[in-house]
Amino acid sequence: MRPWERFKKSYLLYSFKRDPIAIISFGVLAVLAIISLLAPLIAPYNTYDTATYDIMDAETPPSWMEGGNEMFLLGTDIQGRDLLSTMIYGLRVSFLIGVGAVVFQALVGILVGMLSGYLGGKLDAFLMRLADIQFSIPYLIVAIFTAAIFKLAFGVGRYEELAVPLLIIIIGMSEWPKYARTVRASVLGEKNKEYVEAARVIGFNRRQIMFRHVLPNTMTPVLVISTIQVAGAVMSEAALSFLGLGMPITKPSLGSLIRAGFEYIFSGSWWITFFPGVLLVIFILVILLLGDWLRDVLNPKLYKG
Amino acid sequence: MFAFIVRRIIQAILVMLVIGLVGFVIQHQIGDPVRDLVGERVTPAEREVIRDRLGLNDPFYVQYVRFVKNAVKGDLGLSFFYKKPALEVIAAKAPATIELVIVTAIIVILISIPAGIYSAINPRSLFSRFVMAISTIGVAIPVFLTAIALIYLFAVELNWLPSYGRGETVNLWGWQSGFFTWDGLTHLILPSVSLSTIMLPLFIRLVRAEMMEVLETDYIKFAWAKGLHRQRVWYIHAFKNTLLPVITVFGVELGILFAFTILTETVFQWQGMGFMFLEAVERSDTSLLVAYLVVVGVIFVVVNTTVDIIYGFVNPMVRIAGTK
């Protein structure tokens with residue numbers, strides 16, 4: 001059977017069609033993904049280009065309110081940028097960092113988990129101790145500390161310039177133990193199965209067995225946690241940016257937009273905080289709901305409560 | 001059991017040494033102890049003399065051992081900004097954070113246990129469904145957004161509650177407390193409510209899940225068969241066994257609460273340890289930053305080790321699983 005045919009008959013698709021929450025979340029997430037992918041085409045203004053906005057437009061309310069301007073549908077932020085465009089670009093940054101951080105932590109975690117599970121021995125004990133230690137400290141604390149240290153080490157200007165790759169590394173480093181443990185657990189379950197023994201008898205070397213035979217069979221749990229991890233990474237990024245340890249206001253993510261807007265909430269400019277906040281919550285919520293659904297479908301045994 | 005405790009304590013000490021190493025490296029690679037001491041206006045030659053006198057030209061491990069020795073004695077260096085020992089600065093800020101965490105913990109307990117039990121007993125009621133839906137959405141709302149929403153509603157629009165700072169405090173033997181003035185208490189409401197929204201969804205679900213599991217067990221069925229009163233079965237027999245896992249999780253989550261105080265303290269300009277930490281980052285006050293790292297490390301290690309040891313007493317499987 002071709003992959004597409006197989007997918008059409010799979011249990012995954014069957015249960016997807018019967019779950020309205022999954023369909024809605026997937027639909028919303030897909031729309032958000034397309035918007036952030038095509039941001040330069042969709043956004044009314046290019047907010048990265050300083051020539052397109054004017055400080056005189058700052059704090060214009062949404063267009064339907066008194067004093068609103070039809071040019072700016074959701075109003076403008078404190079620098080006079082069109083809020084809708086800024087949010088679209090912000091969503092793009094949040095998306096990029098969220099997915100990037102999860103890919104990074106998955107690569108590190110899978111490598112560590114695979115080595116530690118398959119090779120065992122002293123290496124296993126050492127790596128898992130390391131994971132234990134980091135696991136006992138909340139990931140947000142690790143991320144905040146790492147970001148603070150990077151900021152001091154690089155200097156503010158350089159840090160803001162390199163913010164996207166640095167945040168991917170910071171958030172990735174704070175969450176790898178989860179992957180390492182998950183992968184190690186399933187490698188331990190796989191490594192004594194017959195197909196691995198057969199591969200060993202044929203004379204494949206350890207690297208081939210680990211990454212071409214065992215690895216594909218450990219992917220289900222990795223997939224299950226990945227979706228939820230993206231939501232976590234997006235939240236971490238928003239928190240770091242809100243604390244001023246993340247994206248600078250010149251290239252804002254949703255978190256740094258909220259930070260900037262918060263300072264003006266007392267003067268009544270609620271929209272600068274409100275719209276990015278709502279977008280952030282919707283974004284996280286649909287990922288979480290989709291992750292919950294995926295976990296229930298792929299691993300019914302895990303479900304509790 | 002004794003061996004288990006010893007092993008956990010050795011592990012805790014190792015973790016602290018690693019955290020100390022990280023702190024030490026930060027202090028000496030990024031920070032500049034000479035600047036912390038004398039400021040910027042000193043000639044390079046004089047600087048070199050001071051470096052020598054402070055032992056900053058000694059080999060790495062000698063300095064590390066000295067750092068650890070000082071740290072054990074409670075000396076974590078001078079804060080560049082405050083011109084005071086870093087630990088003193090932290091101690092002055094700690095009451096604010098501790099009071100915030102205490103009030104939050106009380107709110108979490110008072111809400112999550114009744115709500116969890118109710119929705120376990122009546123899983124199909126409207127209230128239970130509402131609670132479960134809210135707790136699903138609640139997980140997706142970052143704490144700083146909750147805090148901002150609360151400020152906007154209760155401080156900006158309704159003008160009922162103060163939005164920042166600690167208000168009036170009373171000095172009790174060096175402990176600046178906001179518990180004893182009306183002003184201090186009203187200032188506590190918004191920060192602690194928003195901090196508690198991090199834990200509430202998790203705890204309501206936890207209490208509910210544990211309670212539902214207990215209600216399925218044989219001894220509860222036996223209690224029903226004996227004809228005991230409903231109230232007695234629910235609140236005396238089932239509730240007791242629900243509490244054990246809840247207490248364990250609570251111990252661990254208390255540490256996480258400390259982490260999230262950084263966010264709430266920023267929103268509410270709450271003069272606690274988290275706010276101080278971010279100020280230290282802005283001011284490049286490396287010594288204070290390292291001291292905070294070590295203090296938070298100690299809090300986590302002590303909490304985790306204690307929870308593990310208590311758990312070892314309660315559940316023998318834990319201490320056997322650890323042995324090879």
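At what angle do H10(B) and helix H11 (residues 273–282) of chain B pack, and how far apart are their axes? The tour comes back to that pair. Keep in mind that this is a predicted model.

**Stop 1: chain B as a whole**

Select chain B. It has 13 helices and 2 strands. Its C-alpha atoms fill a box of roughly 85 × 60 × 35 Å along the principal axes. Chain B has 324 residues, and 36% of them are buried. Now look at its contacts between residues at least 6 apart in sequence. Of these, 70% join residues at least 24 apart.

**Stop 2: H9 and H10 of chain B**

Select residues 218–225 of chain B for helix H9, then residues 230–268 for helix H10. The two axes come within 11 Å and cross at roughly 150°. An angle over 145 degrees counts as roughly antiparallel, so H9(B) is roughly antiparallel to H10(B). The crossing of H9(B) past H10(B) is right-handed.

Show the side chains here. On H9(B), pick Ile220(B), Ala223(B) and Trp224(B). They meet Val233(B), His237(B) and Ala238(B) of H10(B). By class, this contact has 5 nonpolar residues, 1 polar residue and no charged ones.

**Stop 3: H10 and H11 of chain B**

Keep H10(B) on screen and add residues 273–282 of chain B, which form helix H11. Here is the reply to the opening question: H10(B) and H11(B) pack at an angle of about 80°, with their axes 7 Å apart. The range from 65 to 115 degrees counts as roughly perpendicular, and H10(B) and H11(B) are therefore roughly perpendicular to each other.

Which residues make this contact? From H10(B), select Thr261(B), Ile262(B), Glu265(B) and Thr266(B). From H11(B), select Gly274(B), Phe275(B), Phe277(B) and Leu278(B). By class, the contact of H10(B) with H11(B) has 4 nonpolar, 3 polar and 1 charged residues.

**Stop 4: H13 of chain A**

Switch to chain A and select residues 254–262, helix H13. Is H13(A) mostly covered or mostly uncovered? It is mostly covered, with 9 of its 9 residues buried. Step along the helix: Leu254(A), Gly255(A), Ser256(A), Leu257(A), Ile258(A), Arg259(A), Ala260(A), Gly261(A) and Phe262(A) are buried.

Next, show what surrounds them. In chain A, the buried residues of H13(A) pack against helix H5 (83–119), helix H12 (219–242) and helix H14 (271–298). Then bring chain B back: its helix H7 (143–157) also packs against the buried residues of H13(A).

Key
Residues are numbered from 1 along each chain as its sequence is written. Chains are lettered from A and ligands numbered from 1 in the order in which they are written. A residue is buried if 20 or more other C-beta atoms lie within 10 Å of its own, exposed if 12 or fewer, and partly exposed in between; C-beta atoms are placed from the backbone. Helices (H or I, at least four residues) and strands (E, at least two) are DSSP runs, numbered from the N terminus. Two residues are in contact if their C-beta atoms, placed from the backbone, lie within 7 Å. Axes are lines fitted to C-alpha atoms, for helices over the stretch in contact, and angles run from 0 to 180 degrees between N-to-C directions. Angles under 35 degrees count as roughly parallel, over 145 as roughly antiparallel, 65 to 115 as roughly perpendicular and the rest as oblique. A crossing is left-handed if the near helix is turned anticlockwise from the far one by less than a right angle, and right-handed if clockwise. Ala, Val, Leu, Ile, Met, Phe, Trp, Tyr, Cys and Pro count as nonpolar, Asp, Glu, Lys and Arg as charged, and the others, Gly among them, as polar.
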